[in-house]
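Work through the following exercises with the sequence and the model side by side, and try each task before reading its solution.

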Amino acid sequence: MARPREEDLPAWSLPAGAVERIALPTAWPERVTRDWAWEGARGEGVRVCVLDSGIELDHPLVGPVQHSLAVTRTRDGVVEVHEDDAGDLCGHGTSCAGIIRSLAPDCELTSVRVLGAGYTGSGPVLLAGLEWAVDQGFDVINMSLSTTKKQFAETLHELADAAYFRRTMLVASAHNMPVESFPWRFSSVISVGSHEDPDPLAYYYNPAPPVEFFARGLEVDVAWLGGATLRCTGNSFATPHVAGICALILSRHPELTPFQLKSVLYLTASNVSGDA
Amino acid sequence: MSDLRDAVAAGVLGAEESYRELLRSVVETARAIFRARASSVFLLDEEADELVFEAVAGEGAATLVGRRFPSSTGVAGWVLVTRQPLVVEDVGADTRFSREAAESTGYVPKGLMAVPLLVEDRALGVLEVLDRPSEERFTLAEMDLLSLFANQAAIALDLLQRARRAQAALAGDGELGALARIASQLESAPEEARAAGLELLSSLERLLGS
């Protein structure tokens with residue numbers, strides 16, 4: 001009887017002689033620097049999804065938004081993802097998109113609106129939006145939001161893990177108060193808090209999680225509704241800084257898994273590399 | 001009115017007054033520490049879907065307590081729904097700020113900080129600090145300090161709501177009103193009727209317990 005090829009076997013092991021099969025496409029340098037990580041990159045070829053309140057179309061600080069969708073819940077409770085041209089209902093998503101664009105001007109942006117005017121998001125809408133985004137295989141998903149409702153935690157956890165294994169880097173805001181909320185607490189995402197340095201490329205690795213990285217989040221002048229800007233503070237604005245930097249790194253190194261991408265972020269962090 | 005009923009009512013009412021004082025102390029301390037013009041706590045009235053001024057220090061302290069507005073209004077509404085703190089340095093530039101609501105209170109701030117009052121996974125209300133000294137740069141440490149105050153305010157607000165629910169339940173038309181009335185009648189009943197009543201209550205207790 002012919003022996004089945006090893007890759008056909010439904011196993012999680014690595015048989016002898018199969019090491020070549022998992023050869024890495026890129027050799028890492030002895031010292032990973034920001035130059036190696038993203039020098040000259042503009043985010044080209046990287047698909048970034050902003051799961052938020054929508055993105056204002058034609059905002060000068062955001063530029064083109066390639067895809068715009070909304071998740072809504074019908075009166076019967078059915079949740080749908082559909083094309084949408086209503087833009088941003090409260091400004092928050094536009095601010096995130098503007099920050100990502102300022103760092104990775106050539107990335108592709110998709111807006112998925114899960115928050116309504118005045119932020120009336122609902123759990124099922126958020127879950128459906130994230131599930132849709134994970135299914136689309138985006139390279140980076142920016143989630144400057146979280147839920148404190150425990151009943152959504154398990155599904156969010158599964159979605160965060162699904163993203164991680166499908167090479168989608170979920171970048172999520174830590175809550176601004178010391179409370180439990182999700183999905184930023186899951187280790188399969190990159191969780192982001194704020195520091196006070198005005199440098200958009202300053203980011204720090206935190207050796208005392210659950211917050212893993214700190215990025216610029218104090219008094220950031222962000223894109224807001226009506227083509228305007230607004231000075232904002234909070235982890236919501238630190239998160240897209242990390243998402244933008246992830247887009248830069250993936251633009252140079254598209255083969256990176258979330259684990260490797262996190263490792264590059266660690267090695268190039270302002271308190272680790274000495275680069276910044 | 002019996003002694004017992006009075007005692008129950010006084011206990012619950014007394015509790016409400018203590019929690020109100022605690023809330024007042026939170027807003028007064030917050031105002032002093034941030035050297036702000038005013039500080040207030042809003043309670044979310046879920047049934048009416050409104051925010052209610054529960055405690056105010058500084059501007060508006062004398063007039064605003066009890067004032068209501070729709071829960072989705074302005075910065076407080078935004079903070080309530082997002083469950084995230086918010087700092088607005090210049091309300092004129094921020095679409096989240098409701099000038100109309102502020103003007104109706106007689107005091108329009110220039111800048112403000114607001115933080116949700118969270119107990120477990122419920123948002124009970126909002127704490128606001130209005131108009132810190134404008135020359136002082138805002139820092140993340142202040143956001144953390146505000147969150148600490150918010151914890152205290154949230155606990156006080158939770159206790160206040162519990163006291164009010166207990167009060168409502170024991171009041172005349174409340175669902176436990178009959179219990180309070182029975183208790184007071186038992187206390188004032190003649191010896192024989194009282195003994196029979198207590199026996200009946202014991203039977204009821206066994207019945208409900210089985």
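What distance, taken over C-alpha atoms, separates the centres of domain 1 of chain B and domain 2 of chain B? The model is predicted, so local features need pLDDT of at least 70 and side-chain atom pairs count only at pLDDT 80 or more, while totals for chains, interfaces and linings use all residues. Residues are numbered from 1 along each chain as its sequence is written, and chains are lettered from A and ligands numbered from 1 in the order in which they are written.

**Solution 1.** Begin with the bounds, which come from an automatic or database domain assignment: domain 1 of chain B covers 3–170 and domain 2 covers 177–209. The centres of these two domains are 42 Å apart.

**Exercise 2.** Check the length of helix 4 of chain B against its expected span.

**Solution 2.** Helices (H or I, at least four residues) and strands (E, at least two) are DSSP runs, numbered from the N terminus. The expected span is 1.5 Å times one less than the number of residues, so the 31 residues of helix 4 (residues 140–170) of chain B should span 45 Å, in agreement with end C-alpha atoms 45 Å apart.

**Exercise 3.** Find the edges of the open sheet in chain A.

**Solution 3.** Two strands pair if DSSP finds at least two bridges between them. The nine strands follow the order 3-2-4-1-5-6-7-9-8, with mixed pairing. Strand 3 (79–83) and strand 8 (204–205) of chain A each have a single partner strand, so one side of each lacks a neighbour in the sheet. Further inside that order, strand 7 (residues 190–195) and strand 9 (residues 213–216) of chain A run parallel, joined by four bridges, and His195(A) has Arg216(A) of strand 9 as its bridge partner.
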